[in-house]
Amino acid sequence: MSDEAQEVRGLNRKMLGKLLVIAVLMFGFGYALIPVYKQICEVMGVNVLTQKDGTVEFDKNTQVDKTRTITIDFDGNAQGPWRFRPVVNSMQVHPGELATVMYEVVNTQARTVNAQAIPSYTPQSATPHFKKVECFCFKQQTLKPNEARQMPVVFFIDPALPRDVKTITLSYTFFEIAGLNPAEKG
């Protein structure tokens with residue numbers, strides 16, 4: 001090998017060494033940033049997941065009006081081949097508080113039926129304040145022969161409910177939908 005080739009090879013090795021040192025330093029710097037970043041966030045109060053003393057305080061639902069209690073009565077009317085009723089007759093809730101009630105339906109026929117539930121509220125002034133989050137009334141129900149099912153209604157009462165309303169009745173009428181049943185379609 002010539003002196004010039006050896007000199008180029010030596011320069012290449014020096015450059016490789018420098019690049020390896022730089023790569024190791026960059027990796028070390030990136031690795032060292034993690035605790036530094038956590039420290040900066042904690043000092044500035046940004047992105048802190050827990051309190052300094054180790055206890056975690058959850059935010060309270062400020063929308064719940066604990067000064068009022070509303071009695072919710074439940075009713076179920078069946079217009080068709082089934083038994084339909086609420087599992088409980090009534091419950092007490094505070095406005096803004098999330099609550100769940102179950103309704104039970106039993107298809108007493110030896111055939112599949114399609115059904116829909118339609119809600120109604122008493123007094124009428126409570127209707128816009130009764131907020132359902134989840135309800136079996138949002139879609140049609142298909143019940144197989146002799147099937148029994150419990151279906152939830154998740155709701156809350158808007159705190160803007162007039163103060164003179166102390167009791168609300170939620171009533172569902174569960175009726176068969178006209179037309180061909182899935183088993184009869186051909």
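These notebook entries record what I looked up in the structure, which is a predicted model.

**Entry 1. Nonpolar core**

I began with the largest nonpolar core and found that it has 31 residues. The residues with the most contacts inside this core are Ile 72, Phe 136, Phe 155, Tyr 172 and Phe 174. I then asked which strands each supply at least two residues of the core. They are strand 1 (70-79), strand 2 (82-86), strand 3 (90-93), strand 4 (99-107), strand 5 (113-122), strand 6 (130-135), strand 8 (148-157) and strand 9 (167-176).

**Entry 2. Surroundings of Ile 72**

I looked up the contacts of Ile 72, setting aside neighbours within four places in sequence. Ile 72 touches Asn 89, Ser 90, Met 91 and Val 93, and also Phe 130, Phe 155, Ile 157 and Ile 168.

**Entry 3. Aromatic pairs**

I searched the whole structure for aromatic pairs and obtained twelve. I examined Phe 74 and Tyr 103, whose rings are edge-to-face, with 6.5 Å centre to centre and 90 degrees between the planes. This pair connects distant parts of the chain, since Phe 74 belongs to strand 1 and Tyr 103 to strand 4, 29 residues apart. Are these two rings buried or exposed? Phe 74 has 7% relative accessibility and is therefore counted as buried, the cut-off being under 20%. Tyr 103 is likewise buried, with a relative accessible area of 0%.

I next recorded Tyr 121 and Phe 130, which form a tilted pair at 5.2 Å centre to centre, with 40 degrees between the planes. Tyr 121 counts as buried at 12% relative accessibility, and Phe 130 is buried with a relative accessible area of 5%.

I then traced how ring pairs join into a cluster. The cluster contains Phe 74, Trp 82, Phe 84, Tyr 103, Tyr 121, Phe 130, Phe 136, Phe 155, Tyr 172 and Phe 174. Phe 136, Phe 155, Tyr 172 and Phe 174 of this cluster are also among the residues with the most contacts inside the largest core.

**Entry 4. An open sheet**

I turned to an open sheet of four strands and noted the order 2-4-8-6, with antiparallel pairing. Which strands stand at the edges? Strand 2 and strand 6 do; each has a single partner strand, so one side of each lacks a neighbour in the sheet. The twist from one strand to the next averages 25 degrees.

For the edge strand 2, I checked the pairing with strand 4 and found it antiparallel over five bridges. Trp 82 has Asn 107 in strand 4 as its bridge partner. Trp 82 also belongs to the ring cluster of Entry 3.

Conventions. Residues are numbered from 1 along each chain as its sequence is written. This is a predicted model: local features need pLDDT of at least 70, side-chain atom pairs count only at pLDDT 80 or more; totals for chains, interfaces and linings use all residues. Side-chain values use heavy atoms; hydrogens and water are left out. A nonpolar core is a set of buried Ala, Val, Leu, Ile, Met, Phe, Trp, Tyr and Cys residues joined through side-chain atoms within 4.5 Å. Buried means under 20% relative accessible area, exposed over 50%, partly exposed in between (1.4 Å probe, protein chains only). Contact means heavy atoms within 4.5 Å. Rings of Phe, Tyr and Trp (its six-membered ring) pair if their centres lie within 6.5 Å; planes under 30 degrees apart count as stacked, over 60 as edge-to-face and the rest as tilted. Two strands pair if DSSP finds at least two bridges between them. Axes are lines fitted to C-alpha atoms, for helices over the stretch in contact, and angles run from 0 to 180 degrees between N-to-C directions.
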